[in-house]
Structures are given as C-alpha cells and as structure tokens.
Amino acid sequence: MHLSGIDLLFWLLGFLENLGLLVVLVYRRRAERFPFFTALITLNVIRTIVLYLVLRYSTRDGYFYSYWSLSVLDTILQLCVVYEVASRVFRPLDVWAHDVRSSFVWLLGLSLSVAFLLTWLASPPARTWMQSFTTKGNLFTAALQSELFVAMMALSIHVRLPWRTHVAKIAQGLGAYSLLGVLIETGHSYFGVGRELPTFIVLSHVRMAAYLVCVNYWVISLWRKERPVRTMTPEMREKMFTLQMLLEYDLDDLRSRKKL
C-alpha cells in the first residue's frame, strides 16, 4: 500500500500530538482521574507505530488483521471512556444520581440496537469482503459512540446535572469526532472505499484533520486548571443516607395505609 506525502504528514502529526497529549495527562496528573482515557491515548500512540511498521514490512492481509485487532481494543477502551465520563458527570457528589444508572444502561442497549441496524442496512459498493467488513465495522463503532455521547449529554441536561470541567472537554471532543465519523462512514458506504477513489481519500483526510483538532482541544483544555467542584464529605454522605432511609420508611408506610 502506497502512502502519499500528505498521508505520512497526517500520521506523523497524529503520533506527535497523541504523544503530547499523553505527556499532558501524566505531567498534569490527569491520568489518575481518567485512566481509561489515558489508556486510549496510549493505545493510539502504540497503534500508529505498529501499523506503520506492519504497512511497511508486512502484507496487505497482515495489515488488515493488525488494524482490526487494534480497532477492537480501541472500541472496548472507548466504551470504557464512555462509562468513565458518565460516572464523573452523573456522580457529582460521589453518588450516582437517582434513576440515572438504569437510564444509562437502557440508553446503551438502545444505542447498540440502532448501531446494529444502521450497519445491517449499509451496503457499501466494495469489491472485496475486507473493504465491506472495514466500512461496516467503522460505521458501527462511529454510530455507537455518537449515540452514546449525544444520549449522555441529553440525559445530563434533562436531570440538570453539572456538565463542565475536564470531563466535559473529553466528552465534547469524542462526541463531536464520533458524529463526524458517522457522516464520513456514511460517505464511504455510498461512494465506496479504495485509495484509487478521490472521494475516499478526501474523506479520510477530513477524518484525520478532525481528530488532530480534537487532540489539540484536549491538550489545551486538560493543561488548564478546571473550576473546583463540590465533593461530598463523610458527614454529608451520612446525612443523605439517613434522609433516604427516612423517605423509604415514609413511602412504605403510605403504601401500607393505602392497602388498608
């Protein structure tokens, strides 16, 4: 597979910017708060090196299996980042907001169903099963990620939970990139894939440029200090649980009276 000068430039910039973001995460001690996000960026650094070496010294099949092995791991880590972001947003006082956990699980199931449906309906004009599998796989992961982040933001706004600081910056970057990814993969499904197609090359470069913008956004945002947030003290937690027990007792008492 031949890479043009602009392809090599994007690969180099992606590697350097991911490496820079990783340095920011470690140096500014953000890695302790966002271990899954840090693992995802670390994987991106490693993947760039591995895929470049495989592309240069291995076969097309070797690159295909290496790409998808790393993509599966990347998708798993992205889902872990979704949960990591959700736990930060929906636990502003170290306790899950009421009914949010069950709603989030429901949204996850719905997002999986919609992503599977979109992938099943897609019929990319591919010449080989590898091209078809790659296009459908990328469409599935992009659709799943975009649906989860959009649903999570909508849910947080609906229940009026805080949506700011570093965790918001991570979610906003991933959400915007995932939404663009759905449009790009839809384009691939319609126009086809292959480096001999001008549309495929343009869409691929748009994706790379968008990711570089997201990485720059994270570097700047995570380098800065965030606004302090409230934390729940042991006394506050004890009072909250005591109030919850009293409310449950009163509700049970009301239910028993209605039965009488």
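**A predicted all-helical chain**

E84 lies in helix α3. The model in which this residue is placed is a predicted one. With a relative accessibility of 6%, E84 counts as buried, since the cut-off for that class is a value under 20%. Not counting residues up to four places away in sequence, E84 touches R33, F34, P35, F36 and F37. One of these, F37, returns below in the description of the nonpolar core.

The overall architecture may be set out next. The protein chain contains eight helices and zero strands, and its pattern along the sequence reads α-α-α-α-α-α-α-α. Of its 260 residues, 40% count as buried. Among contacts with a separation of 6 or more, 76% are accounted for by residues 24 or more positions apart.

The packing of individual helices gives this outline more detail. Two packed helices are described by the angle between their axes and the distance between the axes. For helix α1 (residues 5-27) and helix α2 (residues 35-57), the axes come within 9 Å and cross at roughly 150°. That angle makes α1 roughly antiparallel to α2, because angles over 145 degrees fall in that class. The crossing of the two helices is left-handed. On the α1 side, the contact involves L8, W11, F15, N18, L19, L21, L22 and L25; on the α2 side, these meet F37, T38, I41, T42, N44, V45, T48, I49, L51, Y52 and L55. By class, the residues of this contact divide into 14 nonpolar, five polar and no charged.

Helix α1 also packs against α7 (198-223). Here the angle is about 20° and the axes are 10 Å apart. That makes α1 roughly parallel to α7, because the angle is under 35 degrees. As α1 passes α7, the crossing is left-handed. From α1, the contact draws on I6, D7, F10, W11, L13, G14, E17, N18, L21, V24, L25 and Y27, and from α7 on H205, M208, A209, Y211, L212, V215, N216, W218, V219, L222 and W223. The classes represented in the contact of α1 with α7 are 17 nonpolar, four polar and two charged residues.

Two residues of α1 illustrate how this helix meets both partners. N18 is found in helix α1 and, at 3% relative accessibility, counts as buried. Leaving aside neighbours within four places in sequence, N18 is in contact with I41, N44, V45, Y211 and V215. Of these, I41, N44 and V45 belong to the α2 side of the contact with α1, while Y211 and V215 belong to the α7 side of the other contact. L21 is likewise placed in helix α1 and is buried, with a relative accessible area of 0%. Beyond its neighbours up to four places away, L21 touches F37, I41, V215, W218, V219 and L222. The C-alpha atoms of L21 and V219 are separated by 5.3 Å, although the two residues are 198 residues apart along the chain.

L21 leads directly to the nonpolar interior. The largest nonpolar core has 37 residues, and those with the most contacts inside it are L21, F37, I170, W218 and L222. At least two residues of this core are supplied by each of α1, α2, α3 (60-89), α5 (129-158), α6 (165-191) and α7. I170 shows how the core is joined: leaving aside its neighbours within four places in sequence, I170 is in contact with F34, F37, V81, V85, W218 and L222.

The packing of α6 with α7 adds a further pair. Their axes are 10 Å apart and the angle is about 180°; α6 and α7 are therefore roughly antiparallel to each other. By class, the contact of α6 with α7 has 15 nonpolar, nine polar and three charged residues.

A last position returns to the helix that holds E84. L79 is also placed in helix α3, but at 32% relative accessibility L79 counts as partly exposed, whereas E84 is buried. Leaving aside its neighbours within four places in sequence, L79 is in contact with L144, Q145 and L148. L79 and Q145 stand 66 residues apart in sequence, and their C-alpha atoms are 7.7 Å apart in space.

Key
Residues numbered from 1 in each chain as written. Predicted model: local features only at pLDDT ≥ 70, side-chain atom pairs only at ≥ 80, totals over all residues. Heavy atoms only, no water. Axes fitted to C-alpha atoms, helices over the stretch in contact; angles between N-to-C directions. Helix = DSSP H or I, 4+ residues; strand = E, 2+ residues; numbered from the N terminus. Parallel < 35°, antiparallel > 145°, perpendicular 65-115°, else oblique. Left-handed = near helix turned anticlockwise from the far one by under 90°. Contact = heavy atoms within 4.5 Å. Nonpolar A, V, L, I, M, F, W, Y, C, P; charged D, E, K, R; others polar. Core = buried A, V, L, I, M, F, W, Y, C linked by side-chain atoms within 4.5 Å. Buried < 20%, exposed > 50% of the residue type's maximum accessible area, 1.4 Å probe, protein only.
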